[in-house]
Amino acid sequence: MDNSTARWGLIGPGAIARQFAQAAAALDTTALLAVHGRDAARCQAFVRQHAPHARVHSELHTLLADPQIDMVYIATPHSAHADAVRQALLAGKGVLCEKPLAPTATQAQSLITLAQERGVFLMEALWSRFLPSWQQARAWLTADLIGAPQALQSSFCFDVAFDANSRLFNPALAGGALLDIGVYNLSASQWFMQREPLAFHVDGVLASTGVEQRVAVTLDYGGGMVSQFVCAFDGVADNRLRVFGPRGHIELGHNFWQATEATLVRPGHAPLHVPCPFRINGFEYQIEHAQQCWRAGAVQSLVIPHQDSLAVVTLIDAMRQRLGVRYPFE
């Protein structure tokens, strides 16, 4: 292992962490050396299947004290993000934390301040922004091929059986549709509209546990410029994203957050469908970017800067307040 290889620890070996481990195993500049989780048997099973050379740490502080670990990837339930990020930053480890960076704006701001004070890299792992399809769509906007964006529409909905103890519906785990999936709609609006909204309208349905199970939002940017989206645990949608302008529109196909094709539609032109396959599984792009930032001594990413992460969770805070959602850790 040479000096160009970033050595990682993984915190929270759940479903999303498998994608990280699979991508890391295929990258020459990435080594997953350690895994920590609350369930030792689950950690051992994860390591056997996805990272056979990694060590299992039963305590987080032992992983963070390991001088061979350069960076950590955090994939715990949302409610545990802030504590894990804080401990990693204090240990001087570069941090890539699954979205949301923290479940409240107050927590997120505290982590951002700590990273900046300590000079340690911190990035929210919103992998979609690095995907070839999202990069292609943004390039078309930058090239002014559809004109200035006038509207964005997106959906992220799936039907899941209610389980009061699951991370989706349990308020103690920071459950709810906005933090789990609406964050993609909000980050996409931010990424493609390239500004923050002036106001918003939100409506929704709360689960019996008190967290939102369905939310419909209109973001108002002024001058008739809007982004509209729905996110839900109790229904289905086409799960596409479309950006409309005066000279055409751009579309990211089914499951826009992991789209492998981008389409440009303009009057008088045949639709341009651009295949955008992943090199591995899509996680490779954010891993490589985070490593580049860390090696350069950066504290934040220019693709997902701290202010973007903070702005999104600040909006979610405000939306939850209007919907009457309260978390026990607030």
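**Ser 128 and the aromatic cluster**

User: Where is Ser 128 found?

Analyst: Ser 128 sits in the loop that runs between β6 (122-125) and α6 (132-142); helices (H or I, at least four residues) and strands (E, at least two) are DSSP runs, numbered from the N terminus. Please keep in mind that this is a predicted model, where local features need pLDDT of at least 70, side-chain atom pairs count only at pLDDT 80 or more, and totals for chains, interfaces and linings use all residues. Residues are numbered from 1 along each chain as its sequence is written, and side-chain values use heavy atoms, with hydrogens and water left out.

User: Why does Ser 128 count as buried?

Analyst: Its relative accessibility is 0%. Buried means under 20% relative accessible area, with exposed over 50% and partly exposed in between (1.4 Å probe, protein chains only), so Ser 128 counts as buried.

User: Which residues is Ser 128 in contact with, leaving aside its neighbours within four places in sequence?

Analyst: They are Trp 134, Tyr 184 and Trp 257, with contact meaning heavy atoms within 4.5 Å. Those three residues also belong to a cluster linked by ring pairs, together with Phe 156, Phe 158, Phe 162, Phe 169, Phe 192, Phe 233 and Phe 256.

User: What makes the aromatic pair of Phe 156 and Trp 257 stacked?

Analyst: The centres are 3.4 Å apart and the planes differ by 5°. Rings of Phe, Tyr and Trp (its six-membered ring) pair if their centres lie within 6.5 Å, and planes under 30 degrees apart count as stacked, over 60 as edge-to-face and the rest as tilted. Phe 156 with Trp 257 therefore passes as a pair and as stacked. Both residues are buried, and the structure holds 14 aromatic pairs.

User: Why does this pair tie together parts that are 101 residues apart in sequence?

Analyst: Phe 156 belongs to strand β7 (residues 151-157), whereas Trp 257 lies in the loop between β12 (248-252) and β13 (261-265), so the pair joins parts 101 residues apart in sequence.

User: And what makes Phe 256 and Trp 257 edge-to-face?

Analyst: Here the angle between the planes is 85°, with 5.4 Å from centre to centre, so the pair meets the edge-to-face rule. Phe 256 is buried, as is Trp 257.

User: How do you know that the charged end of Arg 138 sits over the ring of Trp 191?

Analyst: The charged end of Arg 138 is 4.0 Å from the centre of that ring. A charge sits over a ring if NZ of Lys or CZ of Arg is within 6 Å of the ring centre and within 35 degrees of the ring normal. Arg 322 lies over the face of Phe 200, at 3.9 Å from the ring centre.
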